[in-house]
Structures are given as C-alpha cells and as structure tokens.
Amino acid sequence: METKREEPRVVTLRPVEATPESFAPFGQVIAASPDGDQFGPHDAQLDLNRGIPRFYIMRLESRPLRFSTITHHASVTQCLGSIGGQDWYLGVAKPSVVDEHGGQDGGRAPVQSPAGHYYLPPDPSEVRVFRVPGAKFLKLHAGTWHAGPLFKADTLDFYNLELSDTNDVDRTTYYFKKQDGVTFVIEE
C-alpha cells in the first residue's frame, strides 16, 4: 500500500517595513546617527556577556523569499545588516523561551532545546515578515525566532554580530514543514 505524502500548506506573508515601532516586539531597528551622539535608547541594546563577541561579514547565496524553518538564539542578542544598501527580508516570531514548567500556550507545550533551555514552539499564525531598508540594521532580542536574511539578489553580504560560538551552542531550529505542515512565501 502506497503512503500518500501530503504537500505542505503554503502561507503567503506580506512584508511590513521594519521601523522602530513595528519591529519593537522582536528587537530594534538601528539607523545612522550623528558622530558624537551619546549612547541612548536609539543605539543597539546588546547582551553579549556570555562569551566572546564575533563581528563578521557573512556571504549568503540564493536565499529566495520563502522559508519553512525558523531559528532562535536564547542567550544572546544578534545584529544583522546588509552591506551595500540593498533591502532584505526577515521572517520572525516573538521570543518564547520559558522555564521547564512554563505551561502551555495555545496548545503548545514546552520543548527542551538541544542547547538546554525550554521554549514554546512558535505559532505559524504569529509569524511576521519585515522588509529591512538597506541603510538600517536589526538587533534581535535574545530568543527572537528568525528566518533569513532573505533577499532577491543572487548573493548578498551581511554583517553579523553574535558570539563566537552562537551557532555551536545556542542555536535552536524549529521545522514548520515537519511539525505544522506549513511553508511560508513572502509576496509583495
């Protein structure tokens, strides 16, 4: 007897421009400020105290405007920005790190990450997509779920600020396609 494979449901998301107000639940939008400005709330509020900061340029290739996985880093803020002024996109869901007995939210029970912490799986209905103007960068709150950067070009370089071991010890990925039968497509 042949098992019929069910195709994932495609959810189309329309991007919203990332502004300090629209992106606030997920992090900060940082824009240029005059030289000599004092440190304040318009600057990236970083938490890099759990290791050695790593600032690097990451070259990404073929990142079309679709995704079915989303990742978070529970112990660090992360900053991302395109080099060269091109707009880009980021799928996000609010941080959902909880303690072991964090209870359920919408029927979703806490899961232990391979990194050791507990989280509530992101709800597909709460995923949002932002278009990031090329002259700005994003600071993600610790634990913010993110898919991307995504972009229309074949290749794009990004600067990335996280910890030197973030992707080894603090990376949790959730698989919407496998867990919820959903894949997301960004459409303007």
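**Strand pairing and enclosed space in the predicted model**

Strand β8 (residues 88–93) pairs with β12 in the antiparallel sense over five bridges, where strands are DSSP runs of E of at least two residues, numbered from the N terminus, and pairing requires that DSSP finds at least two bridges between the two strands. Within this pairing, Tyr 89 has Arg 131 of β12 as its bridge partner. Strand β12 (residues 128–132) is also joined by two bridges to strand β2 (residues 16–17), the two running parallel, and here Val 16 stands opposite Phe 130. The model is predicted, with local features needing pLDDT of at least 70 and side-chain atom pairs counting only at pLDDT 80 or more, while totals for chains, interfaces and linings use all residues. Residues are numbered from 1 along each chain as its sequence is written, and side-chain values use heavy atoms, with hydrogens and water left out.

Empty space was examined on a 1 Å grid over the protein atoms alone, a cavity being a set of points where a 1.4 Å probe fits but cannot get out, a pocket an open set with protein on both sides within 12 Å along at least five of seven lines, and lining residues those with an atom within 4 Å of a point. The largest pocket holds about 360 Å³ of space, and its lining comprises 22 residues, of which Arg 63, Thr 71, His 146, Gly 148 and Arg 171 lie nearest its centre. Strand β14 gives the most to this lining, with five residues.

One cavity of 30 Å³ or more is found in a search of the whole structure; the residues lining the largest cavity include His 72, Leu 140 and His 146.

Technical notes
Grid points are joined across faces, edges and corners, and a volume is the space filled by probe spheres set on the points. Helices (H or I, at least four residues) and strands (E, at least two) are DSSP runs, numbered from the N terminus.
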